[in-house]
Amino acid sequence: MFGFFYKTFLKPVLFLFDAESVHEAFLNLGEFFGRSRFLKQLIRKAFAFRSEALGQQISGIKFENPVGLAAGFDYQAKLTQILPSLGFGFETIGTITNQKCQGNSKPRLGRLPKSKSLMVNKGFKNPGVDSVIKKLSSLGFVFPLGISIGVTNSEKIETLEQAIQDVVAGFEKFLNSPVKNSYYELNISCPNLKTKINFYNSENLNALLLALSELKIQKPVFVKMPISNTDKEILAMLEVLKNFSLIKGVIFGNLQKNRADPALNQAELKKFSTGNFSGKPTEKRSNELIALAYKNYQGRFIIIGCGGVFSAEGAYKKIKLGANLVQLITGLVFQGPQLVSGINRDLVKLLKRDGFENFSQAIGAESSELGNGKKEL
């Protein structure tokens, strides 16, 4: 019922306004709701769905269901108290950087309805590690909370050493704080940064992980991966990651950089001269890389599927290709807040249809040759 109301009445009105302004308004509204026990209970009754069939224990963390909010939406850490009431199984805040960051110049966010996509050009806009620690230190969390950390988006960071020091400083501050997060994400894949140092190169990635290993991080670290690299390049990165015990998993993946991707409507694309793209244009490559990682590193990495999840069927596809968990943002914008509970409810039906007694049995059940889908450049 609410889904019909959202798509028929509320979304058309919201889409009349600037995308970033609407985003900010919903962050503030979610934070307000999260402060009220009554409102949280009311929303939980209306939206949340629970089933033991969806539960998992991953790296010592209990996930009641596999659907999480990806990094990029709650970059001010405002939604940690309300999202469980909407049915989310976990959330990653951020990406947070060591220094406060204003992000890139506007436009930082735009909509491509025909493409089922968002133009994203935020450039790690966030209030900085110190501010987020202050906000979260006194809070408890009823679901697993992750913190995404990346390099500060600044032209002043000119060398590999500076970039590594910046990322390490962000982790170190959280490690020395009382924040009760369950895991970290290391975001090495944002394509919208002024900082030109990247960690796709094996030597750079190895140097970063060596520095992070010195911190003796006890909580699991998942690495947010790009989707625009070739299979060969991704496998080279995974070879580096597998050598570091602090890295427990990988996330596939981040934004679509290829403006020629057939999932992008070219007429819509002309409205945006900058930025990269979320949602459906990321789905195919995300699925290919999930299958690639599962085929080559099953048992070594937890795999989190992120990109183009608009339905239970889309989430289930990622799971059967090898994903242990899924994340979304764009589907929420286009489908409405009832999407998460709808996915969880329908996942249970899909599991029963295929004869699985629980969620874990479905992981990797359909892993295929998709992992070999991208030709080398």
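Where is the place of Thr 95? In this predicted model, Thr 95 sits in strand S4, which covers residues 90–97. The peptide bond leading into Thr 95 from Gly 94 is cis, with omega near 15 degrees. Another cis peptide bond links Lys 106 to Pro 107, this time with omega at about 5 degrees. Pro 107 belongs to the loop between S4 and strand S5 (109–112).

The backbone has a few other quirks. Ser 59 is not a glycine, yet its phi is positive, at about 50 degrees. Ser 59 is found in the loop between strand S1 (56–58) and strand S2 (61–63), and is partly exposed because its relative accessible area is 37%. Ala 77, also not a glycine, has a positive phi of about 55 degrees. Ala 77 lies in the loop between S3 and S4 and counts as buried, since its relative accessibility is 3%, below the 20% cut-off.

Now for the helices. H7 (residues 231–241) packs against H9 (residues 280–297) at an angle of about 50 degrees, and their axes are 11 Å apart. The two helices are therefore oblique to each other, and their crossing is right-handed. On the H7 side, the contact includes Ile 234, Leu 235 and Leu 238, while H9 brings in residues including Leu 289, Leu 292 and Ala 293. Sorted by type, the contact residues come to 7 nonpolar, 1 polar and 3 charged.

Helix H12 (residues 339–353) has 15 residues, so at 1.5 Å a residue it should span 21 Å; its end C-alpha atoms are indeed 21 Å apart. Among its buried residues are Leu 339, Ile 343 and Leu 347. The cover over the buried residues of H12 includes helix H3 (37–47) and helix H10 (312–321). Just after H12, Gly 355 has a positive phi of about 80 degrees.

Key
Residues are numbered from 1 along each chain as its sequence is written. This is a predicted model: local features need pLDDT of at least 70, side-chain atom pairs count only at pLDDT 80 or more; totals for chains, interfaces and linings use all residues. Side-chain values use heavy atoms; hydrogens and water are left out. Helices (H or I, at least four residues) and strands (E, at least two) are DSSP runs, numbered from the N terminus. The expected span of a helix is 1.5 Å times one less than its number of residues. Buried means under 20% relative accessible area, exposed over 50%, partly exposed in between (1.4 Å probe, protein chains only). Contact means heavy atoms within 4.5 Å. Axes are lines fitted to C-alpha atoms, for helices over the stretch in contact, and angles run from 0 to 180 degrees between N-to-C directions. Angles under 35 degrees count as roughly parallel, over 145 as roughly antiparallel, 65 to 115 as roughly perpendicular and the rest as oblique. A crossing is left-handed if the near helix is turned anticlockwise from the far one by less than a right angle, and right-handed if clockwise. Ala, Val, Leu, Ile, Met, Phe, Trp, Tyr, Cys and Pro count as nonpolar, Asp, Glu, Lys and Arg as charged, and the others, Gly among them, as polar.
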